[in-house]
Amino acid sequence: MSTRISCEVREEPWVTAVRLAGELDLVTMRSVHTVLERCLATQPDALVVDLERLAVADRLALSVFAAAARRAADWPAVPVVLCAPPPAAAAWLAETTACRVVPVRPDRAEATALAGAAAAPRLRARLEPVAGACRRARELVADACGRWNIPELVGPASLVLTELVGNVVRHAGTPMQVTLTLRRPYLRVAVMDGCPADACAVTSRDPRAEGGRGLMLVRELTQRWGSAPAGAGKVIWAMLPAN
């Protein structure tokens, strides 16, 4: 990370808070982008970014917040709110498209309240890489779909999550966090493990090829899927239509 900017991340009730300090320009915005991406990969309920100690050297660098908010709205469906911008930064934000994408509030308390109110319903569980993990994943799907009144997704979501959990059991062998999130028009399922190795579906048509077919099935059953670094490992996510 650039020494000209610092990013303090704190896990607080209902939200993850990022406090920026230093100079934001077209170089240091890359460090900010990396930190925000890492925070989003952990799928917090909401993300609040405190700009009180930030000096904006280049107004174009403020686009990093709009980009993060757009990314978060798609996956993992996390509301992003900015707070306490200095006067010059507040004026620039108001003049750009950023404020139409990510809301800005004058203080942390108001931003936290707004972010918490906009948070999507989530169901989380920590699973061990054991044989019973797939059965537990299916139980979580049934519970979530029952709570959220989307019974038609029990079958496809159970199959997708079983494949993602089974992939961790077979290949990563680490404890995992399973997260289900409903923000219409999609149900999002995700599995975060402790292995940094990329997940990829087999593209070979060779019937003797080993592994990867589970992720091919995930690709066929979902609107979109992907993976991202998360801590020391990665998160694999998928989105199913929930109309």
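Let me begin with Gly 226, which in this predicted model stands opposite Trp 237 of strand 10. That pairing belongs to a longer stretch, since strand 9 and strand 10, the latter covering residues 233-241, run antiparallel to each other and are joined over 7 bridges.

Stepping back to the whole sheet, we find 5 strands arranged as an open sheet, in the order 6-7-8-10-9, with antiparallel pairing. Which strands stand at the edges? They are strand 6, residues 122-127, and strand 9, residues 224-230, and because each has a single partner strand, one side of each is left without a neighbour in the sheet. From one strand to the next, the twist averages 15°.

Now to the helix that lies across this sheet: helix 7 extends over strand 6, strand 7 (176-183), strand 8 (186-193) and strand 10, and its direction makes an angle of about 10° with strand 8.

Helix 7, residues 154-172, also meets helix 6, residues 133-147; their axes come within 8 Å and cross at roughly 150°, and the crossing is right-handed. On the helix 6 side the contact includes Ala 133, Ala 137, Arg 138 and Val 141, among others, while helix 7 contributes residues including Val 154, Leu 161, Thr 162, Val 165 and Gly 166. If we sort the residues of this contact by character, we obtain 10 nonpolar, 3 polar and 1 charged.

So, to put the two parts side by side, helix 7 is in contact with helix 6 through residues such as Ala 157 and Val 169, and helix 7 also lies across four named strands, 6, 7, 8 and 10.

Key. Residues numbered from 1 in each chain as written. Predicted model: local features only at pLDDT ≥ 70, side-chain atom pairs only at ≥ 80, totals over all residues. Heavy atoms only, no water. Axes fitted to C-alpha atoms, helices over the stretch in contact; angles between N-to-C directions. Left-handed = near helix turned anticlockwise from the far one by under 90°. Contact = heavy atoms within 4.5 Å. Nonpolar A, V, L, I, M, F, W, Y, C, P; charged D, E, K, R; others polar. Pairing = 2+ DSSP bridges.
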